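Subject: Structure handover and findings

Hello,

Here is the structure for your files. Please open it alongside this message, as the notes below go through it residue by residue.

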Amino acid sequence: MARKRYRAALIGLGRIADTIDDEQVGSGWLYPFSHMGSYSEMPAIEVVGAADPYAEQRAAFGRRWALPASLLYERYEALLERERPEIVSICTSAAPRSKIVLDIVRLVREGHASVRAIWAEKPLAISLAEADAMVAACRDAGIVLVTNAMRASDVYYRRARALIDAGELGRVLQITGYGAGNLSHMGVHLIGAMCFLAGGPAPMGQRVTWLVGECESDAKAAGDDDLRGNAYFAFESGARGFVRMLPSGAATWTLDVIGETGVIRILNANEGYEFELWRMGQAVSGAAQTPARHMFPRPQKLWSAGVGQVKDIIDCLETGKAPNCPGELGAHLLEIAIGIRESHRRGMARVDLPLADRSLHIRSAETLAGDTPAALRAGRAQRRREGVLPAIARAEGIGRHPDAEDPA
């Protein structure tokens, strides 16, 4: 067995920490999806504890992952001081996330914690000021801050990005993304993928410099709750983008990276991996150049995006590289979501980024719904997949917890 080199812990033991994996059994995604599931796949990681204010949640998590009660804490401060994890996942709802990150930095500075990397769920924060403070505090303390725009750590998306950076599409002209969901929550995945696939020297990809946005209604745009919308925007490179987070029908979760000489098309992008590569060429000698589909060169080793996040965190700690999904990206994606709303408020006017008013905020729908045991039980029952593919996956052992008292 490989020697365990890094001590990890989780704060917040709800859906994304754990039970989201149950929802993915039989889906097109590589497994596992959750933070704990991803840690469990890595021999270099030892999970040394977890914290949640709800006793019911702690008990359920301990049963599923065979963690003794002595490693399950009500207060995350006690967990950090006693168990001394080097890597910490923050899987709470969005509202307390900023305070937890700043508390971790303070405890490290005071010598009461040993955290070197934080894997924070999305959205990174509620307000731009909170996100700025999180990024600055971690940077000043030398703590790696990673956000969960996780397609940048997915092996298929990374293969697509490598082809783009190698010039196989020529100069990138436009990226379009058709999704569904709220801007600050699900928009992190779609807009984050678009920034990543825009290419460039930074691991996170390209920033958006200006945008024009439209939201689902004037009433929604006037409030501070998370909302749906569309936007046209410009990347640093000069490439353009269009994102649709209003219902997209049969195009839902489709991305196109359009270059001068080729296109990468990603279909069904929230349910699995359907990647297409189109290149310009002649069908026969003397014919006009036309686009033709080629076999997408798939990655030769596969692991889930969650496992990719853990691998990247370890690489950051061992080599000093910048993260695939840095805290700066999480802050920028929050700013894009707020910018789309601000554009609508100003009559669909162009909005330049960064935004001057850092007090602007969006209340995440996940925060509004809550992360209580009752809410999670109800959601888990609704989201469990049934049918032929889930049955096959369960027969193959996907979702099984062999050491747990309460297997999935």
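Gly-26, just after helix α1, takes a positive phi of about 90°. The model is a predicted one, and every value in this message is computed from it. Helix α1 itself, residues 15-24, is mostly covered, with nine of its ten residues buried. Among the buried ones are Ile-16, Ala-17 and Ile-20, and also Asp-18, Asp-21, Asp-22 and Glu-23.

Other backbone points

Most residues other than glycine have a negative phi, and most peptide bonds are trans. Two residues that are not glycine go against the first of these habits. Ala-66 has a positive phi near 55° and lies in the loop between α3 (55-65) and β3 (72-73). Its relative accessible area is 42%, so Ala-66 counts as partly exposed. Asn-268 also has a positive phi, about 55°, and sits in the loop between β12 (262-267) and β13. With 34% relative accessibility, Asn-268 is partly exposed as well.

There are cis peptide bonds to look at, too. One runs from Lys-122 to Pro-123, with omega near -5°; Pro-123 is in the loop between β5 (117-120) and α6. Another joins Leu-353 and Pro-354, with omega about 5°, and Pro-354 belongs to the loop between β15 (351-352) and α12 (365-369).

Helices α6 and α11

The axes of α6 (residues 128-141) and α11 (residues 327-345) come within 9 Å and cross at roughly 170°. Angles over 145 degrees count as roughly antiparallel, and α6 and α11 are therefore roughly antiparallel to each other. On the α6 side the contact is made by Leu-128, Ala-131 and Val-135; on the α11 side, by Gly-327, Glu-328, Ala-331, Leu-334, Glu-335 and Ile-338. These residues divide into six nonpolar, one polar and two charged.

Leu-128, in helix α6, is buried, with a relative accessible area of 1%. Its C-alpha atom is 7.2 Å from that of Leu-334, although the two are 206 residues apart along the chain. Beyond its sequence neighbours within four places, Leu-128 also contacts Leu-355, Asp-357, Arg-358 and Leu-360, among others.

Ser-343 lies in helix α11 and is buried, with a relative accessible area of 0%. Leaving aside neighbours within four places in sequence, Ser-343 is in contact with Leu-211, Val-212, Gly-213, Met-348, Ala-349 and Val-351.

Core and aromatic residues

The largest nonpolar core has 122 residues, and those with the most contacts inside it are Ile-45, Ile-118, Leu-197 and Ile-264. Not counting residues up to four places away in sequence, Leu-197 touches eight named here in full: Tyr-157, Ala-160, Arg-161, Ile-164, Ile-175, Leu-255, Val-257 and Ile-266.

Tyr-157 also takes part in the aromatic pairs, of which the count is ten. Tyr-157 and Phe-275 pair edge-to-face, at 5.2 Å centre to centre and 85° between the planes. This pair links distant parts of the chain, since Tyr-157 is in helix α7 (residues 155-165) and Phe-275 in strand β13 (residues 274-282), 118 residues apart. Both Tyr-157 and Phe-275 are buried. Ring pairs further link Tyr-157 and Phe-275 with Trp-29, Phe-33, Tyr-156, Tyr-273 and Phe-296 into a cluster.

Regards

Definitions and conventions: Residues are numbered from 1 along each chain as its sequence is written. This is a predicted model: local features need pLDDT of at least 70, side-chain atom pairs count only at pLDDT 80 or more; totals for chains, interfaces and linings use all residues. Side-chain values use heavy atoms; hydrogens and water are left out. A nonpolar core is a set of buried Ala, Val, Leu, Ile, Met, Phe, Trp, Tyr and Cys residues joined through side-chain atoms within 4.5 Å. Buried means under 20% relative accessible area, exposed over 50%, partly exposed in between (1.4 Å probe, protein chains only). Contact means heavy atoms within 4.5 Å. Axes are lines fitted to C-alpha atoms, for helices over the stretch in contact, and angles run from 0 to 180 degrees between N-to-C directions. Helices (H or I, at least four residues) and strands (E, at least two) are DSSP runs, numbered from the N terminus. Angles under 35 degrees count as roughly parallel, over 145 as roughly antiparallel, 65 to 115 as roughly perpendicular and the rest as oblique. Ala, Val, Leu, Ile, Met, Phe, Trp, Tyr, Cys and Pro count as nonpolar, Asp, Glu, Lys and Arg as charged, and the others, Gly among them, as polar. Rings of Phe, Tyr and Trp (its six-membered ring) pair if their centres lie within 6.5 Å; planes under 30 degrees apart count as stacked, over 60 as edge-to-face and the rest as tilted.
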